[in-house]
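Please look over the sequence and the model shown below before reading the report.

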Amino acid sequence: MTTVTKAGGAPAPTGPGGFLSVRDLQVTFSTEDGPVRAVDGLSFDVDRGRTLGIVGESGSGKSVTNLTVLGLHDPLFTTIDGEIVLDGKELVTATEKELEQLRGNRVAMIFQDPLTALSPFYTIGRQIAEPYMKHTGASKKAAWERAVEMLGKVGIPNPAERARDYPHQFSGGMRQRAMIAMALVCDPDLLIADEPTTALDVTVQAQILDLLKDLQREFGTAIVFITHDLGVIADMADDIMVMYAGRAVERGTVDEVLRAPRHPYTWGLLNSMPRLDSDLATPLEPIPGTPPSLLTPPSGCRFHPRCAFRDRVGGDRCVTESPALAPGRSSACHLGAEQKRTIFAEEIRPRLG
Ligand SMILES: Nc1ncnc2c1ncn2[C@@H]1O[C@H](COP(=O)(O)OP(=O)(O)O)[C@@H](O)[C@H]1O
Ligand SMILES: [Mg+2]
């Protein structure tokens, strides 16, 4: 991993890290039933111009992690520990005003549902122009021109005309593009994309993914891309972090993790996902069992109740000892390195076809 040091930027408190550097993040919600630790000791880095894919079943803590990075949590019911450092600036202790300044300017987010980001009452053009005026001090006219330019960039035909439309006059795919234009209008250094294409049909999804890649090439944006779709990750990401029950269980480059995955949970995800090139006869096998309750998470390895390989680890380590995830290429599993290699090669890969 490379360190990005910007002239004048203070170094991250914990030494080398990415442009975005998250260290030992813990996010705990107080609920009526007790504390829910939705994120439990998460560390990762994202560099400029790179895309980190975060993948995991629903409820694994992907969205909470990224809402926390943006400071979009309820301060009354949420406790955050650990460090979130963006370009040398610590965000956990930042004020709401400082975070407000970052959001929509240096940091932007796109969601699955563009209607949560777009107001029905204002034209698309105005909604793109406004953050640009606010953060750059541009004139109304310049900001409008910029909004039209951005709509063109995201592939909206006749952007000068369509900028005067309201969100309901746009199709789902066009609203998604408009939201991306809004997110990117200030050239953010960091873009967080949370399942941005899940609701779209395959063709529009492919167009939007290409668009994000183009914009990243142009602006050198660091992207965190959240999805449960390993096919999308393979297409978009440079690095992958696999999450399970609030923890990272495996990380590495896309090639490392998708070609030679080492964690039984990642094997399960791969085995349960439809393959683009597969014939329909290939059966999909969901991972048996369900994700655990975070009110009472399993001891040791959180995946152990669903893991088909825990007998191959000596004793009851999987139940008593939480496996660590090292920096860089790593998997948090008590199986030995050679065991992981042979199980994948002999028992998992043949099933993947
Ligand atoms: N405000 C909240 N209060 C209590 N629990 C929450 C809250 N927000 C999220 N959670 C819980 O945190 C866990 C992680 O959620 P989330 O990050 O949304 O998962 P996903 O990986 O699907 O994006 C889930 O179990 C969810 O129920
Ligand atoms: Mg989510």
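The report takes up the ligand site, the strands, and then the enclosed and open spaces.

This is a predicted model, in which local features need pLDDT of at least 70 and side-chain atom pairs count only at pLDDT 80 or more, while totals for chains, interfaces and linings use all residues. Residues are numbered from 1 along each chain as its sequence is written, chains are lettered from A and ligands numbered from 1 in the order in which they are written, and side-chain values use heavy atoms, with hydrogens and water left out.

## Ligand 1

The shell around ligand 1 consists of Phe29, Thr31, Ala38, Glu57, Ser58, Gly59, Ser60, Gly61, Lys62, Ser63, Val64 and Leu294 (a residue is near a molecule if one of its heavy atoms lies within 4 Å of it). By class, this shell holds four nonpolar, six polar and two charged residues. Here Ala, Val, Leu, Ile, Met, Phe, Trp, Tyr, Cys and Pro count as nonpolar, Asp, Glu, Lys and Arg as charged, and the others, Gly among them, as polar.

Oxygen atoms of ligand 1 take part in polar contacts (a polar contact is a pair of N or O atoms within 3.5 Å; within protein, one must be able to donate a hydrogen and the other to accept it, and residues adjacent in sequence count only if both atoms are side-chain atoms). A backbone N or O atom of Gly59 is 2.7 Å from a ligand oxygen. For Ser63, a polar side-chain atom lies 2.8 Å from an oxygen atom of ligand 1, and a polar backbone atom of Val64 is 2.8 Å from an oxygen atom of ligand 1. Ligand 1 taken alone exposes 570 Å², and the protein buries 61% of that; accessible areas come from the Shrake-Rupley method with a 1.4 Å probe, and for residues, only the protein chains shown count as cover.

Strand E1 (20–31) and helix H1 (62–69) are the elements that give two or more residues to this shell. The largest share, three residues, comes from H1. Helices (H or I, at least four residues) and strands (E, at least two) are DSSP runs, numbered from the N terminus.

## Strand pairing

E1 also takes part in strand pairing (two strands pair if DSSP finds at least two bridges between them). Strand E2 (residues 34–46) runs antiparallel to E1, joined by 10 bridges, and the two form a hairpin with two residues between them. Within this pair, Thr28 has Arg37 in E2 as its bridge partner.

E1 further pairs with strand E4 (residues 78–86) in the antiparallel sense over eight bridges. In E4, Glu83 stands opposite Arg23, and Thr78 is the bridge partner of Phe29. Phe29 is also one of the residues that surround ligand 1.

E4 pairs in turn with strand E5 (residues 89–90), antiparallel, over two bridges. Leu86 stands opposite Lys89 in E5. E4 and E5 form a hairpin with two residues between them, and Asp87 in the turn has a positive phi of about 50°.

A separate description covers an open sheet of seven strands in the order E6-E7-E8-E3-E9-E10-E11, with mixed pairing. Its edge strands are E6 and strand E11 (330–331), each pairing on one side only. Inside that order, strand E7 (residues 190–194) and strand E8 (residues 222–227) run parallel and share five bridges; Asp194 stands opposite Ile226 in E8.

## Cavities and a pocket

On a 1 Å grid over the protein atoms alone, a cavity is a set of points where a 1.4 Å probe fits but cannot get out, and a pocket is an open set with protein on both sides within 12 Å along at least five of seven lines; lining residues have an atom within 4 Å of a point. Grid points are joined across faces, edges and corners, and a volume is the space filled by probe spheres set on the points. By this rule there are two cavities of 30 Å³ or more.

| Space | Volume | Lining by class |
|---|---|---|
| Largest cavity | about 80 Å³ | 11 nonpolar, three polar, one charged |
| Second largest cavity | about 40 Å³ | seven nonpolar, no polar, one charged |
| Second largest pocket | about 440 Å³ | 11 nonpolar, three polar, four charged |

The largest cavity has 15 lining residues, of which Cys301, Cys307, Cys318, Cys333 and His334 lie nearest its centre. The second largest cavity is lined by Val69, Leu70, Leu91, Leu99, Leu102, Arg103, Val107 and Leu190.

In the second largest pocket, 18 residues form the lining, and Arg103, Gly104, Val107, Met109 and Met182 lie nearest the centre. Strand E6 (107–110), helix H3 (124–136) and helix H6 (172–184) each give two or more residues to this lining. H3 gives the most, with five residues. Arg103 and Val107 appear in the linings of both this pocket and the second largest cavity.
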